[in-house]
Amino acid sequence: MGASRSSGTTDELGPDEDSGGGPPGLSADPGVRADEAGIPGAPDGSELLAALLDGMDAALCAFDAAGTVTHWNREAERVLGWSAAEAVGRSGFAGWAVRRADADEVQARLMSAMDAPGRQVHEFALLRKDGGRVLVRTQSAGVRGADGQPAGVYCAFSEVHAQIDLERAIALSEALLEDASWGVVLVDVDLRPTVVNAYASRALGGGRTALLGRPLGELVVQGVEELEAALHHVLAEGAPSAPAELWVTLRTAEGERRRCWRSGFLRLASPLTEEPVPLGVGWLFQDVTAAKLAEQEADRLRFRTSQLHRAARTASECEDPLEAATSLLDFALAGFADHVLVDLVAGERLVRTAATPFDAPGPCLPVSAGAVPARYGPGHPALQSVERTGTVRTSAAAGDADPAGWAVERRWPRDAAHALCAVLRSRGRTLGVLTFLRAANRAAFERTDTAYAETVAARVAGAVDLAQVTGAADRF
């Protein structure tokens, strides 16, 4: 037997079979009849104990009351190189597993656990069979016999670096799941959260326990398909080589919030099986929304500055000031709006002077029939812009049953859903109004868009003023 010298050694450290030392119905004597032993062919208590000891992940040895080695499992053999046949029956560790100079101290500290309550933890330098030394951490405790008297000591030990690695892994997992400055979510194979740390619970907008077991679709309004696809990929193929940036919309008590999470994924597999069995996915993420928005804004600003530079160079080559104005608007439209309208002041009314096509994308051109009055009703955004000498933003109401009617009522293209009207001013005079329009599939105009539109309007106003001074405007 690999774990002990004989079945008798098992009895030295525990109750005999007559006092209930083995499982019910089993006899330590293989010769007992099946109807007396309980289960035909079942292993006796010593065989079962040997199998249990050899299957342990920790190295384990045991001593009787006299200090003789009685048990030695396979992990102990792996750590020190001494087989069970070589170890069992030796008196202590002196001369083979410990240097003779240290043997008495090591033996005394190990055997002291026989009379002490609980477990004792020590660190020793043991000798390998090849002569090398290995530092181990031991946990030892006394064993009582059937009469309740000390019968020996068992000692579980592992290499210190392995123990430290384990402690580090446990400490790391606890820190990640408590105090990490990024979100950590463990999801099972059904993609339901099983563990959520404090950062992740704040990001997902719920308590740590309230989020457990809930489908991700209940937490994420938009972007859940991309998130679940990433988790499925990790379960099937393993972790991706680089973090992914996922845009999601969350449902919160304050309304919906759009966030960008830089996410990394790890496939979790059980270390207790020969073939890796997936336990789920570890999802780590950071909210990088502010950084991404700043990056997008910087990209937008660079593009718009480039467009204005190109527009200025093109306009400078135009002999006709009004052609320069429409060229400026063609450059300004790129990535900014779908339509643009130019209405100039003529007495007490506004006159449509140039526009992009209503029914399809195209360049800004003078109206084909010449300048025509813009039939704007009272309170129209373009009229408000002229009256206020400022910029006006407006959008169709969310959920409007007839968004096309909203646009047609204001004399705009049917697909318009968002508008920005910027007044044309030059030399202290109001020359007209510039209207930018976006379709419903685009975001509404924001404050940053206002600044850009006013810059474009100032340049267009200068070209229109020059056209009026030189008489070029009379051709409209």
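Me: Why are α10 and α14 called roughly parallel to each other?
Reply: Helix α10 (residues 289–316) and helix α14 (residues 447–470) pack at an angle of about 5°, their axes 12 Å apart. Angles under 35 degrees count as roughly parallel, so α10 and α14 earn that label. Axes are lines fitted to C-alpha atoms, for helices over the stretch in contact, and angles run from 0 to 180 degrees between N-to-C directions. This is a predicted model, where local features need pLDDT of at least 70 and side-chain atom pairs count only at pLDDT 80 or more. Residues are numbered from 1 along each chain, and side-chain values use heavy atoms, without hydrogens and water.

Me: Which residues of α10 and α14 meet?
Reply: Contact means heavy atoms within 4.5 Å. In α10, Glu297, Arg304, Gln307, Leu308 and Ala312 meet residues of α14, including Tyr452, Val456 and Arg459. The residues of this contact divide into four nonpolar, three polar and four charged.

Me: What makes β2 and β3 edge strands?
Reply: Five strands form an open sheet, ordered β2-β1-β5-β4-β3, with antiparallel pairing. β2 (69–72) and β3 (120–127) each have a single partner strand, so one side of each is left without a neighbour in the sheet. Strands here are DSSP runs of E, at least two residues, and helices are runs of H or I, at least four.

Me: How do you know that β1 joins β2?
Reply: Two strands pair if DSSP finds at least two bridges between them. Three bridges join β1 (residues 59–64) to β2, and therefore these two strands pair. As one example, Ala62 has His71 in β2 as its bridge partner.

Notes. Parallel < 35°, antiparallel > 145°, perpendicular 65-115°, else oblique. Nonpolar A, V, L, I, M, F, W, Y, C, P; charged D, E, K, R; others polar.
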